[in-house]
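Trainee: I should like to request a close look at a single part of this structure, with its surroundings described in one connected account.

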Amino acid sequence: MCTTVLVRGVCKIRLQEWKSFTTVGGSNRRTMTTCRFEQQAAIRSFARAVLCCSRISDTVAVETADERLVLRALGAARAVSVEVGIARDLCSYFRVPHTHVGQTACASSKLLFGILRTTQNLQSLELVLDDSQNRVQLNLLTTTGTRKAYALPFQQEVVPRVVYDSGLFSVAAPPNLFAKALSNFQGRLNECTLEFSRNGVRFCSFLEDLSSNSQLRTQITIHSEEFEEYSVNPVGVETVKLTLAVKGFRAALELADSCHIHIVRLEFSFIGQP
């Protein structure tokens, strides 16, 4: 499973519209995109991916490809985007009709995660994109033999896809290194600024409470030697500042940690570029 997360402060992003499923009629399962998980680790990974998307947006888009499904979500303010690839190797059964390759269906991420909130007692989870009925169907089989089926209607939305190029700078570290730094900040914090220099990165935040006329400034510094990779060498300036949406960044780090992703990489350029 691969994950791409884009977070930005005051950055411009280029957007590309996705194609939507077209109704072709009929209800033959062979004409539907079907993905089945039967291993507990695979079921948990899929549920965690849906959880991450639900924390970013109320809508999740499922894009089909020959070898995988891709879950995408874009925040309402277009300040954070998440993309999670579900490889066919993670599935016990995987079928995408050739007429569906490259197409996208949208559904409520909140409702989808509500169904998958508890996965410990699931023996099988099947995701079906039923374009004949314009719905996403979830078929669950519990360890006690109980079968459950849920149908979520397609949402008539066009979810933009973020298109970006590799940044000039990059840093890589275990997800818990970033998570520990963020744990020092207030939970209600919306944004956090990262100031990258040649020697390390400084996490900065500023909170102002007008009702009590109080201010709270927090700064955490991580030296470059604590990163697995640290490639930041700005020319002409001392620091490169990157503003992140904290909620989206935390959601991505939690997904990476729960799916045993050992290294998280941040790629970025200067302000105004994603």
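The account below begins with the model as a whole and then turns to one helix, its sheet and other parts of the chain.

Trainee: Where does Ser45 lie, and is Ser45 buried or exposed?

Mentor: This is a predicted model, in which local features need pLDDT of at least 70 and side-chain atom pairs count only at pLDDT 80 or more, while totals for chains, interfaces and linings use all residues. Residues are numbered from 1 along each chain as its sequence is written, and side-chain values use heavy atoms, with hydrogens and water left out.

The protein chain contains 4 helices and 19 strands; helices (H or I, at least four residues) and strands (E, at least two) are DSSP runs numbered from the N terminus. Of its 274 residues, 48% are buried, where buried means under 20% relative accessible area, exposed over 50%, and partly exposed in between (1.4 Å probe, protein chains only). The chain exposes about 14300 Å², of which carbon and sulfur atoms supply 45%; accessible areas come from the Shrake-Rupley method with a 1.4 Å probe, and for residues only the protein chains shown count as cover. A contact means heavy atoms within 4.5 Å. Among contacts between residues at least 6 apart in sequence, 71% join residues at least 24 apart.

Ser45 is placed in helix α1, residues 40-56. Ser45 is buried, because its relative accessible area is 14%. A polar atom of the Ser45 side chain lies 2.9 Å from the backbone oxygen of Ala41. A polar contact is a pair of N or O atoms within 3.5 Å; within protein, one must be able to donate a hydrogen and the other to accept it, and residues adjacent in sequence count only if both atoms are side-chain atoms. Ser45 and Ser258 are 213 residues apart along the chain, yet their C-alpha atoms are separated by 7.8 Å.

The helix that carries Ser45 can be described next. With 17 residues, α1 reaches 25 Å from its first C-alpha to its last, close to the 24 Å expected at 1.5 Å a residue; the expected span is 1.5 Å times one less than the number of residues. The buried residues of α1 include Ala42, Ile43, Ser45, Phe46, Ala49, Val50, Cys52 and Cys53. An α-helix has 3.6 residues a turn, so residues three or four places apart point the same way.

The sheet beside this helix is open and has 5 strands in the order β7-β3-β9-β10-β11, with antiparallel pairing; two strands pair if DSSP finds at least two bridges between them. β7 (93-95) and β11 stand at the edges with a single partner strand each, so one side of each is left without a neighbour in the sheet. From one strand to the next, the twist averages 15°. Strand β3 (residues 33-37) runs antiparallel to strand β9 (residues 122-130), and 5 bridges join them. Arg36 has Glu126 as its bridge partner in β9. α1 packs on this sheet, touching β3 and β9, and its direction makes about 50° with that of β9; axes are lines fitted to C-alpha atoms, for helices over the stretch in contact, and angles run from 0 to 180 degrees between N-to-C directions.

In the same sheet, β10 (residues 135-142) and β11 (residues 147-153) pair in the antiparallel sense over 7 bridges. Val136 has Leu152 as its bridge partner in β11. The two strands form a hairpin with 4 residues between them, and Gly145 in the turn has a positive phi of about 95°.

Ser258 leads to helix α4, residues 246-258, whose 13 residues should span 18 Å at 1.5 Å a residue; the end C-alpha atoms are 18 Å apart, which agrees. Ser258 is one of the buried residues of α4, among them also Phe249, Leu253 and Leu255. His260 follows α4 and has a positive phi, near 60°.

Another open sheet has 3 strands in the order β17-β13-β19, paired in the antiparallel sense. β17 (229-231) and β19 (264-268) stand at its edges, each with a single partner strand, so one side of each is left without a neighbour in the sheet. Here the twist averages 15° from one strand to the next. β13 (residues 169-173) pairs with β19 over 5 bridges in the antiparallel sense, and Ser170 stands opposite Glu267 in β19. Helix α3 (residues 175-182) packs on this sheet, touching β13 and β19, and its direction makes about 95° with that of β13.
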